[in-house]
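Student: I'd like to learn how to read a model like this one. Could you walk me through it?

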2 protein chains.
Amino acid sequence: MSRHFGAQETDCPVRICVSVDRGSENPMKGLRSKARREMVQASGHLFQLLGLPRSTGQNYGLFYLSATPQSLDDIVGNLGISKGSASTGTRCLLAWGALKQVRTQGQRRDYFEAVGELRVVLSNAYRDYVKTRIATYARRLATMVSLLEEDSKTGALDKSEAKFCAQRLGQLDKMHQTLRGLAPWAEKFLN
Amino acid sequence: MSRHFGAQETDCPVRICVSVDRGSENPMKGLRSKARREMVQASGHLFQLLGLPRSTGQNYGLFYLSATPQSLDDIVGNLGISKGSASTGTRCLLAWGALKQVRTQGQRRDYFEAVGELRVVLSNAYRDYVKTRIATYARRLATMVSLLEEDSKTGALDKSEAKFCAQRLGQLDKMHQTLRGLAPWAEKFLN
DNA sequence: TGATTTGTTCAAAGCATATTGAACGAAATT
DNA sequence: AATTTCGTTCAATATGCTTTGAACAAATCA
C-alpha cells in the first residue's frame with residue numbers, strides 16, 4: 001500500500017553493497033605503493049562481493065602487483081593481517097590455481113607468485129564454482145518436478161495449482177537449457 | 001611447503017558454500033506442498049550465495065510457485081519468518097521488478113505475485129547489479145593507473161616494478177574491454 | 001640431538017549482516 | 001470519532017562468517 005511517508009516504490013531496503021575497507025584502520029603498514037594499496041582494497045572488495053573472504057582477496061591483490069615472489073611474512077608485513085589468515089588464504093589461492101609456489105634454492109621459506117594468465121584463474125573458477133553450482137540447482141529442479149508429482153497425488157496441491165507450478169518449473173528448465181547452450185561459448189572465451 | 005600431514009595441495013581451507021537451510025528447524029508451518037518447500041529452500045540458498053538475504057529469497061521462491069496472489073500474512077504463515085522480514089523482503093523484490101502488486105477490489109490487504117517473465121527480473125538484476133559493478137571496478141582500475149604513475153615519481157616503486165605493474169594493469173584493462181564487447185550479447189540474451 | 005625457523009590448525013573473539021518484534025502511523029471499518 | 005487492521009520502521013538480538021593468535025608439527029640448522 002505504500003502507506004507511509006518515506007515509502008517509495010523504488011526503494012530497496014536491503015543493502016546490496018559490501019562494507020567499505022577503510023585503509024586507514026587496517027594499516028597495510030609495509031605497503032608504500034599507493035597503486036598496490038588500491039589493488040589490495042579493490043581485490044578484497046571484489047572477493048567479499050563474491051562471498052569469499054576479504055583477506056584472501058587482499059592477499060591475491062598483493063601478489064597480482066608483485067614482480068618478485070612473496071613469502072607468508074611478506075604478506076603479513078604488507079597487509080597487516082595475521083599469519084593464520086595469510087596461510088589460509090594462500091593455500092586457498094594455490095588450490096584455485098591463482099598462485100604458484102616458487103622454489104628457491106637454499107631458502108627455507110615458501111615463496112609464491114600470482115599466476116600471470118588471468119584466463120587460467122577464471123577458467124578454474126568457472127569449472128569449480130559456476131559449473132558445479134548450475135549442476136546443483138539443475139538437480140534441485142529435477143527434485144522439485146518429482147515432488148510436484150507427489151504433491152498432486154497427496155492432494156497437497158490442487159489440479160490448477162499443480163499445473164501452474166509445472167509451468168513455472170518448465171520455465172526454469174528452459175532457462176537451464178539455454179545456459180547449457182551458452183556453456184561452450186563461455187568455455188571458448190576462457191580457453 | 002605442505003609441511004603437515006593433512007595438508008594436500010588441492011585442499012581449499014575456505015568454505016565456498018553457504019550454510020544449509022535445514023527445513024526442520026525453520027518450520028515453514030503452513031507449507032504443505034513439498035515442491036514449494038524445496039523451491040523456498042533452493043531460492044533462499046541461491047540468494048544467500050549471491051550475497052542477498054536468505055529470507056528474501058525464500059520469499060521469492062514462495063511467490064514463484066504460487067498461482068494466487070499472496071499477502072504479507074500469507075508469507076509469514078507459510079515461511080515462519082517475522083512480519084518485518086516479510087515486509088522488507090517484499091519491498092525489495094518489488095523494487096527489483098521481481099514482484100508486482102495486485103490490487104483487489106474491496107480488499108484492504110496488499111497482495112503480490114511474482115513477475116512471470118524471469119527474463120525481466122534477470123534483465124533488471126543485470127542492469128542494477130552486474131553492469132554498475134563492472135563500471136565501478138573499471139573506475140578503480142583507472143585510479144590504479146594514475147596511482148602507479150605517482151608511485152613511479154615518488155619512488156615508491158622502482159622502474160622494473162612499475163613496468164611489471166603496468167603490464168598487469170594492462171591485462172586487466174584488456175579483460176574489461178572484452179567484457180564490454182560481450183555486454184551487447186548479454187543484453188540481447190536478456191531482451 | 002637440541003634449538004630455531006616456519007607453516008598449519010582451530011578454538012575463541014571479533015565483526016557484519018539478517019532477523020525479530022514491539023511501537024508507530026496510515027487507512028479502512030464501525 | 002473510536003476502533004481495528006495493516007504495513008513499516010528500527011533498536012536490539014541472533015546468527016554465521018572472518019580473523020586472530022597461541023599451540024603445535026615439520027623441517028632446517030648448529
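Tutor: Let's go from the fold of one chain to the interface and then to single contacts. One thing up front: this is a predicted model.

Student: Fine. How many helices and strands does chain A have, and what is their order along the sequence?

Tutor: Chain A has six helices and three strands. Going along the sequence, they come as α-α-β-α-α-β-β-α-α. Of the 191 residues in chain A, 40% are buried. You can also ask how far apart in sequence the contacting residues are. Among contacts in chain A with a separation of 6 or more, 52% are between residues 24 or more positions apart.

Student: How is chain A related to chain B?

Tutor: To read this, lay one copy on the other and look at the turn and the shift. Here a turn of 180 degrees with a shift of 0.0 Å along the axis puts chain A on chain B, with an RMSD of 0.2 Å. The two copies are therefore related as by a two-fold rotation axis. If you want to find that axis on your screen, go to A:Gly51: in chain A its C-alpha is the nearest to the axis, at 3.2 Å. Both copies also use the same surface, since 100% of the contact residues of chain A recur in chain B.

Student: Now the interface. What area do chain A and chain B bury between them?

Tutor: The general idea is that the size of an interface is often given as the accessible area lost when the parts come together. In this case chain A and chain B bury about 6,400 Å² between them, and 62% of that is on carbon and sulfur atoms. Counted by residues, 68 from chain A are in contact with 69 from chain B.

Student: And what about polar pairs and salt bridges across it?

Tutor: The rule finds 22 residue pairs in polar contact across the interface of chain A and chain B. On the chain A side, the elements giving two or more residues are α1 (34-49), α2 (54-64), α4 (83-96), α5 (118-154) and α6 (159-190). The largest share, twelve residues, is from α5(A). Sorted by class, that side of chain A has 37 nonpolar, 13 polar and 18 charged residues. As for salt bridges, six are found across the interface. One of them pairs B:Arg140 with A:Glu38, with 2.9 Å between the closest N and O atoms.

Student: Which residue of chain B forms a salt bridge with A:Arg36?

Tutor: That's B:Glu161, and the closest N and O atoms are 3.3 Å apart. A:Arg36 sits in helix α1 of chain A and B:Glu161 in helix α6 of chain B, so the pair joins two chains. Both A:Arg36 and B:Glu161 are buried.

Student: Where should I look for a salt bridge inside one chain?

Tutor: Over all chains the count comes to 15 salt bridges. Try A:Asp73 and A:Arg109, whose side chains meet with 2.6 Å from N to O. This pair links distant parts of the chain: A:Asp73 is in helix α3 and A:Arg109 is in the loop between β2 and β3, 36 residues apart. A:Asp73, at 32% relative accessibility, is partly exposed, and A:Arg109 is partly exposed too, at 42%. A network of salt bridges links A:Asp73, A:Lys83 and A:Arg109.

Student: Why is helix α2 of chain B described as largely enclosed?

Tutor: For a helix, count how many of its residues are buried. In α2(B), nine of the eleven residues are buried, so the helix is largely enclosed by the rest of the structure. Among them are B:Thr56, B:Asn59, B:Tyr60, B:Leu62 and B:Phe63.

Student: Is B:Ser66, in the loop after that helix, buried or exposed?

Tutor: It's buried: the cut-off is under 20% relative accessible area, and B:Ser66 has 5% relative accessibility. Its loop runs between α2 and α3 of chain B. A polar atom of the B:Ser66 side chain lies 2.7 Å from the backbone oxygen of B:Leu62. Leaving aside neighbours within four places in sequence, B:Ser66 is in contact with B:Arg36 and with A:Phe164.

Definitions and conventions
Residues numbered from 1 in each chain as written. Chains lettered and ligands numbered in written order. Predicted model: local features only at pLDDT ≥ 70, side-chain atom pairs only at ≥ 80, totals over all residues. Heavy atoms only, no water. Contact = heavy atoms within 4.5 Å. Buried area = accessible area lost by both parts, 1.4 Å probe. Salt bridge = Lys/Arg side-chain N within 4 Å of Asp/Glu carboxyl O. Polar contact = N/O pair within 3.5 Å; in protein donor to acceptor, adjacent residues only side chain to side chain. Helix = DSSP H or I, 4+ residues; strand = E, 2+ residues; numbered from the N terminus. Nonpolar A, V, L, I, M, F, W, Y, C, P; charged D, E, K, R; others polar. Buried < 20%, exposed > 50% of the residue type's maximum accessible area, 1.4 Å probe, protein only. Least-squares fit on C-alpha atoms with pLDDT ≥ 70 in both.
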